[in-house]
Amino acid sequence: MVHSHEEKGQELFNVYKQHSAVINPSLQEHNLDLADLEAPFSVEEIKSAIFQSRSDNSPGLDGFIAQDKSWQGSNLPCDETDKQLFRASTVISLGNGNKAKFWHERWLEGKAPKDIAPSLFQIASRKNRTVAQELGDNRWLRQMRRMNSTVQVREFIILWHSLQQIHLQDGIEDSISWRWTPNGCYSASSAYRIQFLGSIQDNRSTFVWKAKTENKCKFFGWLMIHRKILTADKLQLRGWDNSEICPLCGIEPETANHLLMDCAFARQVWSSMWNKLGLHMPSPSLFPGRLLDWWEACRKELVKEQRRNFDGLFIYTAWGIWLQRNGRIFNDIYNSVAQVVDFIIALCKEFDEALSS
Ligand SMILES: [Zn+2]
């Protein structure tokens with residue numbers, strides 16, 4: 001068994017080497033460790049993600065949704081993925097409530113009221129007021145007179161209950177903190193736990209942060225393991241407009257598991273990757289709905305020393321599928337399985353060259 005594992009490992013290593021320019025000493029010295037969990041994005045990456053955002057819902061430089069959009073000087077194409085990563089990465093700490101938008105921003109236990117109560121958001125007449133404006137004299141309540149369904153009443157009770165815990169602090173500005181930095185404002189830590197860590201029962205996924213890939217891709221890998229990527233099913237929960245059908249196969253409803261494991265298109269991408277690398281990996285169909293189990297089973301096919309490379313490839317492959325999905329939805333770009341695979345391999349190469357330069 002060990003023998004065959006070693007062979008597979010060697011095979012993977014060779015093909016990886018061949019496809020990713022050179023694995024040189026500088027790459028091997030590039031030891032990524034758990035400290036990366038604390039700073040998966042550099043400030044520059046954050047800024048560029050914000051600058052490239054063009055949607056009205058994108059945050060401004062200070063992290064808040066700006067009314068004046070003049071800061072968006074850039075004509076670069078908007079990258080929905082970056083924006084999603086940004087939204088998933090930030091949390092607002094409330095001070096005097098003069099900056100955060102009541103409905104739109106994630107100031108309430110790490111969530112935005114429009115996500116907590118989407119049907120109330122629909123009947124709210126003034127949607128762009130600040131937290132201070134809406135909480136002052138309980139103004140938000142006045143808009144709720146138009147409630148006429150049990151769903152709205154249920155949402156109202158949940159929202160009302162959460163709002164009872166809120167106390168605005170005079171003289172302190174609202175601030176935004178980056179979830180992944182230890183020096184972020186820790187009044188936000190409860191939200192952090194609720195939204196992210198609360199769903200994690202174990203530390204099985206720490207290998208994601210050691211994978212050989214860019215930080216934003218590691219972060220994506222982590223989001224996907226914890227089913228945090230914003231697929232159609234999640235968007236629907238939030239009451240956002242979208243097609244519920246997977247844009248890759250055009251047949252099944254889009255969920256994270258479908259998109260990455262069950263979709264016929266995605267499976268072809270995975271199997272072409274394995275073929276190119278000469279690997280024989282267990283089929284995702286053996287692990288219904290359990291991406292992390294499948295990933296772990298794949299890793300076990302390799303010797304320990306090869307796993308970080310493999311994790312990088314695994315994440316890049318999922319990332320390539322995700323970008324193809326976004327390309328179809330947002331830019332009307334349809335690539336074939338072969339093109340997606342070439343793209344993924346180019347990503348691996350690019351990353352390797354960046355490391356060795
Ligand atoms: Zn599909």
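## Burial and the model

A residue counts as buried if 20 or more other C-beta atoms lie within 10 Å of its own, as exposed if 12 or fewer do, and as partly exposed in between, with C-beta atoms placed from the backbone. With 19 C-beta neighbours inside 10 Å, Thr130 is therefore partly exposed.

The structure is a predicted model, in which local features need pLDDT of at least 70 and side-chain atom pairs count only at pLDDT 80 or more, while totals for chains, interfaces and linings use all residues. Residues are numbered from 1 along each chain as its sequence is written.

## Chain overview

The chain has 17 helices and 2 strands. Both kinds of element are DSSP runs numbered from the N terminus: helices are H or I runs of at least four residues, and strands are E runs of at least two. Of the 357 residues, 33% count as buried.

Two residues are in contact if their C-beta atoms, placed from the backbone, lie within 7 Å. Among contacts between residues at least 6 apart in sequence, 70% join residues at least 24 apart.

## Helix H16 and its crossing with H11

Helix H16 covers residues 307-331. The expected span of a helix is 1.5 Å times one less than its number of residues. For the 25 residues of H16 this gives 36 Å, and the end C-alpha atoms are 34 Å apart, which agrees. Of these 25 residues, 18 are buried, so H16 is largely enclosed by the rest of the structure. Just after H16, Asp332 takes a positive phi of about 60°.

The axes of H16 and helix H11 (residues 215-225) come within 9 Å and cross at roughly 80°. Axes here are lines fitted to C-alpha atoms, for helices over the stretch in contact, and angles run from 0 to 180 degrees between N-to-C directions. H11 and H16 are therefore roughly perpendicular to each other; that term covers 65 to 115 degrees, while angles under 35 count as roughly parallel, those over 145 as roughly antiparallel and the rest as oblique. H11 contributes Cys217, Lys218, Phe220, Gly221 and Met224 to the contact, and H16 contributes Ile315, Tyr316, Ala318, Trp319 and Trp322. These residues divide into 8 nonpolar, 1 polar and 1 charged. Ala, Val, Leu, Ile, Met, Phe, Trp, Tyr, Cys and Pro count as nonpolar, Asp, Glu, Lys and Arg as charged, and the others, Gly among them, as polar.

## Helix H14

Helix H14 (residues 264-277) has 14 residues, for which a span of 20 Å is expected; its end C-alpha atoms are 20 Å apart, which agrees. The buried residues of H14 are Phe265, Ala266, Val269, Trp270, Met273 and Leu277. They cover an arc of only 140° around the axis, which puts them on the same side of H14. The arc is that of the directions from the helix axis to the C-beta atoms. An α-helix has 3.6 residues a turn, so residues three or four places apart point the same way. Gly278, just after H14, takes a positive phi of about 65°.

## Residues from Lys114 to Thr130

Lys114 lies in helix H5 (residues 113-116) and is buried, with 22 other C-beta atoms within 10 Å. Leaving aside neighbours within four places in sequence, Lys114 is in contact with Trp103, His104 and Phe121. Its C-alpha atom is 8.6 Å from that of Phe102, 12 residues apart in sequence.

Ile123 belongs to helix H6 (residues 118-123) and is partly exposed, with 15 other C-beta atoms within 10 Å. Not counting residues up to four places away in sequence, Ile123 touches Gln143, Arg146 and Met147. Ile123 and Gln143 are 20 residues apart in sequence and 7.4 Å apart, C-alpha to C-alpha. Thr130 lies in the loop between H6 and H7. With residues up to four places away again left out, Thr130 touches Gly97, Asn98, Lys99, Ala100, Lys101 and Phe102. Thr130 and Glu105, 25 residues apart in sequence, are 9.5 Å apart, C-alpha to C-alpha.

## The loop between H7 and H8

Asp137 lies in the loop between helix H7 (131-135) and helix H8 (139-142). Asn138 lies in the loop between H7 and H8 as well. Asp137 is exposed, with 9 other C-beta atoms within 10 Å, and Asn138 is exposed with 11.

Most residues other than glycine have a negative phi. Phi of Asp137 is near 55°, a positive value, and Asn138 has a positive phi of about 50° although it is not a glycine.
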